[in-house]
Amino acid sequence: MSDTPVDTQRIDSSKRTWLIASTCAGAVGGVATAVPFVSTLTPSERAKAAGAAVEVDISTLKPGEKITAEWRGKPVWIVKRTPETVAELAKLDDQLADPNSLRHLEDTPEYARNTARSIKPEVLVVVGICTHLGCSPSDKFTPGPQPSLPDNWEGGFLCPCHGSTFDLAGRVFKNKPAPDNLPVPPHMYLSDTRLLIGEDKKA
């Protein structure tokens with residue numbers, strides 16, 4: 001048995017240093033592992049393009065104006081209509097192929113199965129792609145006779161590819177190449193001026 005004295009203070013100090021160093025190394029390793037994992041929970045640009053909801057500010061949208069947002073790689077039109085325009089929509093029913101949007105219910109959410117095809121009557125939200133062959137219709141908001149349009153035109157959209165016409169609710173007129181109304185994407189209002197396209201159920 002040795003009579004050499006043991007320096008307990010020196011041992012405690014070295015243990016403490018080792019404990020601090022190993023704790024720091026473990027913390028650094030944990031962060032290095034967690035950061036890539038957490039970043040995978042954030043949608044990538046590709047995932048956003050594939051279907052993530054898109055928030056749109058409509059605070060500056062004036063009656064008679066349209067803004068375009070992109071959702072799932074498609075143009076989504078947001079049109080501000082006047083009360084007079086909304087009132088005229090019901091008068092067009094007998095000229096339309098599907099005035100009540102009953103042909104393809106999956107293309108018109110329940111809250112848009114009305115004459116205005118919208119949550120708020122003055123704001124139209126539709127996918128701006130013709131249901132015939134996928135062209136993008138042009139704005140023809142001004143009423144009255146115009147080239148390629150009837151003399152009693154009340155305003156709406158004209159597809160330049162094959163002449164299909166849609167009213168200002170995105171409903172297709174009879175006897176046109178386009179078989180169906182413009183689809184209404186799922187959407188909801190986050191506030192009076194913020195619109196969320198691609199989602200319509202609050203968590």
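**Note on pockets, cavities and strand pairing**

1. Strand E3 (74-80) and helix H3 (83-89) each supply at least two residues of the lining of the largest pocket. H3 gives the most, with 4 residues. This is a predicted model, and the points below should be read as such.

2. The largest pocket holds about 230 Å³ of space. Its lining counts 17 residues. Nearest its centre lie Thr82, Thr85, Phe141, Glu154 and Leu168. By class, the lining has 7 nonpolar, 4 polar and 6 charged residues.

3. The second largest pocket encloses about 190 Å³. Trp71, Lys74, Glu106 and Asp107 are among the residues that line this pocket. Val127, Ile129, Cys130 and Thr131 also belong to its lining. So do Pro183, Val184, Pro185 and Pro186. The class split is 8 nonpolar, 1 polar and 3 charged.

4. Now the enclosed spaces. How many cavities of 30 Å³ or more does the structure hold? There are 2. The largest has a volume of about 60 Å³. The second largest comes to about 30 Å³.

5. The lining of the largest cavity takes in Asp98, Ser101, Leu102, Arg103, His104, Asp107, Thr108 and Arg117, among others. Asp180, Asn181, Leu182 and Pro183 are also part of the lining. These residues divide into 3 nonpolar, 4 polar and 5 charged. Asp107 and Pro183 deserve a second look. Both line the largest cavity, and both line the second largest pocket.

6. Which residues line the second largest cavity? They are Leu92, Gln95, Pro150, Asn152, Trp153, Glu154 and Phe173. By class there are 4 nonpolar, 2 polar and 1 charged. Glu154 links two of the sites in this note. Glu154 lines the second largest cavity, and Glu154 is also among the residues nearest the centre of the largest pocket.

7. Next, the strands. E5, E6 and E7 form an open sheet of 3 strands, in the order E5-E6-E7. The pairing is antiparallel. Strand E5 (138-140) and strand E7 (165-167) are the edge strands, and each pairs on one side only. From one strand to the next, the twist averages 30°.

8. Within that sheet, strand E6 (residues 156-158) runs antiparallel to E7, and 3 bridges join them. What is the bridge partner of Phe157 in E7? Phe166 takes that place.

9. E9 has two pairings to check. Strand E1 (residues 54-57) pairs with strand E9 (residues 194-197) in the antiparallel sense, over 4 bridges. Glu55 has Leu196 in E9 as its bridge partner. Strand E8 (residues 187-189) also pairs with E9 in the antiparallel sense, here over 3 bridges. In this second pairing, Tyr189 stands opposite Leu195 in E9.

10. How many residues does the hairpin between E8 and E9 pass through? The hairpin joins the two strands through 4 residues.

11. To recap the spots worth opening in the viewer: start with Glu154, a lining residue of the second largest cavity and one of those nearest the centre of the largest pocket. Then go to Asp107 and Pro183, on the lining of the largest cavity and of the second largest pocket. Finish at E9, with its antiparallel pairings to E1 and to E8.

How values were computed. Residues numbered from 1 in each chain as written. Predicted model: local features only at pLDDT ≥ 70, side-chain atom pairs only at ≥ 80, totals over all residues. Heavy atoms only, no water. 1 Å grid on protein atoms, 1.4 Å probe; cavity = no way out; pocket = protein on both sides within 12 Å on 5 of 7 lines; lining within 4 Å. Points joined across faces, edges and corners; volume = space filled by probe spheres on them. Nonpolar A, V, L, I, M, F, W, Y, C, P; charged D, E, K, R; others polar. Pairing = 2+ DSSP bridges. Axes fitted to C-alpha atoms, helices over the stretch in contact; angles between N-to-C directions.
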